[in-house]
Amino acid sequence: MKLLLAGPSPFVRKVLVLLHETGQMGDVELQKVAANPADPDPNLTAVNPIGKIPALVRDDGPAIYDSRVICRYLDARVHAGLYPETHLWETLTLEATADAIMEAAVLMVYEKRFRPEKIQSEEWLEAQWAKVSRAVSVVNTRWMSHLSGSLDAAHIAIACALAYLDFRHDDRSWRHGNDALTDWYARFADRDSMKATTAEKLDTLVS
Ligand SMILES: N[C@@H](CCC(=O)N[C@@H](CS)C(=O)NCC(=O)O)C(=O)O
């Protein structure tokens, strides 16, 4: 299999952490592509018409994309049980919450990176952060019992979302008022899978 990826994408990291946790890291070749919304890489659009990473080129079928689809596929591939039937809908909802945090956080970066300064909107940026802030607070108040259970795909997604907030939006201090989640994340960030998939580590892994 070949995973198309770029630098510090939280969606890519989610897939990498899942690969690591399920012992499949050795089964994928990692290929760097440019994930630029204004100028998509033809190597990427050839397998994902949307031009977004991650995309997974499989040995046994057409390429698949969207991190949620890829994670589900990889989990099923080795029967890892990271989408447990007993609380599937909760796991999927929490993963969707993590993805939405990532999406809003990435859009904030794109607003500054890809739009001319004079048409950037502070109001829009704040609205994106409000989504992040509400979601983080709800995870901290309503989802800690799920997060303290055995590892599933939603744990991985939440950890990657929080790591990305540290990386790109450290000045917004997501930890403020979210003590339970802060403690949980400190423990999760210490896992080998998280330490092996930082943006710096990725550079050493990519062909
Ligand atoms: N829903 C997608 C989102 C992926 C995504 O937004 N990836 C960003 C990088 S972090 C990207 O490829 N951006 C390029 C673009 O927006 O065209 C997923 O879960 O895989």
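**Note on the domain contact and its salt bridges**

1. Between domain 1 and domain 2 there are five salt bridges. The model is a predicted one, and the points below should be read with that in mind.

2. The protein chain is split into domain 1, made of residues 2-82 together with 194-205, and domain 2, which covers residues 85-192. Domain 1 contributes 20 residues to the contact, while domain 2 contributes 28 residues. The C-alpha centres of domain 1 and domain 2 are 19 Å apart, and the area that the two domains bury between them is about 2,100 Å², with 67% of it on carbon and sulfur atoms.

3. On the polar side of this contact, eleven residue pairs are in polar contact between domain 1 and domain 2, counting pairs in which both residues are at pLDDT 80 or more. Three elements, α1 (10-21), α3 (67-77) and α9 (192-195), each give two or more residues to the side of domain 1 that touches domain 2. The largest share of that side is provided by α1, with eight residues. By residue class, the side of domain 1 that touches domain 2 holds eleven nonpolar, three polar and six charged residues.

4. Salt bridges link K14, R68, E95 and D99 in a network. Within this network, D99 and R68 meet through their side chains at 2.9 Å, N to O, and D99 also forms a salt bridge with K14, for which the N to O distance is 3.0 Å. The pair of K14 and D99 links distant parts of the chain, since K14 belongs to helix α1 and D99 to helix α4, with their positions 85 residues apart. Are K14 and D99 buried or exposed? Both K14 and D99 are buried.

5. A second long-range pair is formed by R191 and E21, whose closest N and O atoms are 2.8 Å apart. R191 sits in the loop between α8 (179-188) and α9, whereas E21 sits in helix α1, so this salt bridge ties together parts of the chain that are 170 residues apart in sequence. R191 has a relative accessibility of 31% and therefore counts as partly exposed; E21, at 27% relative accessibility, is likewise classed as partly exposed.

6. A further salt bridge joins the side chains of E111 and R115, with 2.9 Å from N to O. How do the two partners stand in terms of accessibility, buried or partly exposed? E111 is buried, because its relative accessible area is 6%, which falls under the 20% limit for a buried residue. R115, with a relative accessible area of 36%, is partly exposed. The count of salt bridges by the rule used here comes to nine.

7. Helix α3, one of the elements on the side of domain 1 that touches domain 2, deserves a separate look. Its buried residues are S67, I70, C71, Y73, L74 and D75. These buried residues of α3 pack against α1, β3 (55-57), β4 (64-65) and α4 (88-114). After α3 comes H79, whose phi is positive, near 50 degrees.

Notes
Residues are numbered from 1 along each chain as its sequence is written. This is a predicted model: local features need pLDDT of at least 70, side-chain atom pairs count only at pLDDT 80 or more; totals for chains, interfaces and linings use all residues. Side-chain values use heavy atoms; hydrogens and water are left out. Domain bounds come from an automatic or database domain assignment. Contact means heavy atoms within 4.5 Å. Buried area is the accessible area (1.4 Å probe) that two parts lose on being put together, summed over both. A salt bridge is a side-chain nitrogen of Lys or Arg within 4 Å of a carboxyl oxygen of Asp or Glu. A polar contact is a pair of N or O atoms within 3.5 Å; within protein, one must be able to donate a hydrogen and the other to accept it, and residues adjacent in sequence count only if both atoms are side-chain atoms. Helices (H or I, at least four residues) and strands (E, at least two) are DSSP runs, numbered from the N terminus. Ala, Val, Leu, Ile, Met, Phe, Trp, Tyr, Cys and Pro count as nonpolar, Asp, Glu, Lys and Arg as charged, and the others, Gly among them, as polar. Buried means under 20% relative accessible area, exposed over 50%, partly exposed in between (1.4 Å probe, protein chains only).
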